[in-house]
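I opened a fresh notebook page for this one. My plan is to go through the structure piece by piece and jot down what I find.

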Amino acid sequence: MVQELIQNVMKHAKEASSMLVQLSCAGTMLNVTVEDNGKYFDASQHNEGVGLQQIRKRVAAMKGHFDLQSIPGKGTTAYLEFDLEHLL
């Protein structure tokens with residue numbers, strides 16, 4: 001999932017000059033953030049590609065949470081959250 005998100009930044013984040021990939025774990029909660037400072041995109045104007053569809057399916061299968069936000073002038077942030085207790 002992280003690899004796909006990184007690939008999406010490299011392929012689609014127009015004018016991005018930086019990317020942040022952050023993994024953190026507190027107790028049983030695993031959080032993954034992938035963000036860029038590229039141009040804003042309006043998700044309602046674009047069909048979701050196969051990569052994002054697959055991420056959503058994997059996250060659902062792992063009983064996690066996936067949020068994708070794009071803000072004009074700020075870039076795009078993908079946030080994944082998993083309770084590792086469900087996976088053990």
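Before I list any neighbours, I need one rule: two residues are in contact when heavy atoms of theirs lie within 4.5 Å. I should also keep in mind that this is a predicted model.

**Entry 1: Met 29**

I tried the contact rule on Met 29, which lies in strand β2. I skipped its neighbours within four places in sequence, and that left Ser 24, Glu 81, Phe 82 and Asp 83 as contacts. Met 29 comes out as partly exposed, at 25% relative accessibility. The cut-off for buried is under 20%, so I can see why Met 29 does not get that label at 25%. I also checked Met 29 against Gln 53: they are 24 residues apart in sequence, and their C-alpha atoms are 23 Å apart in space.

**Entry 2: the two sides of helix α1**

Which residues of helix α1 are buried? I looked along residues 2-12 and noted Leu 5, Asn 8 and Val 9. Viewed down the axis of α1, these buried residues fall within an arc of 100°, so they line one face of the helix. That fits a general rule I looked up: an α-helix has 3.6 residues a turn, so residues three or four places apart point the same way.

On the other side of α1 I found Gln 3, Met 10 and Lys 11, which are exposed.

What do the buried residues of α1 pack against? I wrote down the strands β1 (19-26), β2 (29-36), β3 (65-71) and β4 (75-83), along with the helix α2 (50-61).

**Entry 3: the nonpolar core**

Next I went looking for the largest nonpolar core, and it has 12 residues. Leu 5 and Val 9 are among them, and I had already met both as buried residues of α1. The list also includes Val 32, Val 34, Leu 52, Ile 55, Val 59, Phe 66 and Leu 80. Four elements, α1, β2, α2 and β4, each supply at least two residues of this core.

I picked Phe 66 from the core for a closer look. Leaving out neighbours within four places in sequence, I found Phe 66 in contact with Leu 5, Leu 52, Ile 55, Arg 56, Val 59, Ala 78, Tyr 79 and Leu 80.

**Entry 4: a nonpolar patch on the surface**

Where do nonpolar side chains show up on the outside? Met 10, Met 19, Val 21 and Leu 23 make a nonpolar surface patch of about 400 Å². β1 gives the most to this patch, with three residues. Met 10 sits in helix α1 instead. Its relative accessible area is 62%, so Met 10 is exposed.

**Entry 5: the salt bridge**

How many salt bridges are there in the whole structure? My search turned up one. Glu 15 forms a salt bridge with Lys 39, and the closest N and O atoms are 3.7 Å apart. This pair links distant parts of the chain: Glu 15 is in the loop between α1 and β1, Lys 39 is in the loop between β2 and α2, and they are 24 residues apart. In general, side chains of opposite charge can pair when their charged atoms come close.

Are the two partners buried or exposed? Glu 15 counts as exposed at 64% relative accessibility, while Lys 39 is partly exposed at 49%.

**Entry 6: positive phi**

I came back to Glu 15 for its backbone. Its phi is near 65°, a positive value in a residue other than glycine. I found another case in Lys 63, with a positive phi of about 55° although it is not a glycine. Lys 63 is in the loop between α2 and β3, and it is exposed, with a relative accessible area of 61%.

**Entry 7: distances across the chain**

Last, I compared spacing along the chain with spacing in space. Ala 26 lies in strand β1 and counts as exposed at 52% relative accessibility. Ala 26 and Asp 83 are 57 residues apart along the chain, and their C-alpha atoms are separated by 9.8 Å.

Then I took Ile 71, found in strand β3 and partly exposed at 42% relative accessibility. Ile 71 and Ser 24 are 47 residues apart along the chain, with 23 Å between their C-alpha atoms.

Definitions and conventions
Residues numbered from 1 in each chain as written. Predicted model: local features only at pLDDT ≥ 70, side-chain atom pairs only at ≥ 80, totals over all residues. Heavy atoms only, no water. Buried < 20%, exposed > 50% of the residue type's maximum accessible area, 1.4 Å probe, protein only. Arc of directions from axis to C-beta. Patch = residues over 30% accessible without salt bridge, like charges linked within 9 Å, V, L, I, M, F, W, Y side chains within 5 Å. Areas by Shrake-Rupley, 256 points an atom, 1.4 Å probe, with all protein chains shown as cover. Salt bridge = Lys/Arg side-chain N within 4 Å of Asp/Glu carboxyl O. Core = buried A, V, L, I, M, F, W, Y, C linked by side-chain atoms within 4.5 Å.
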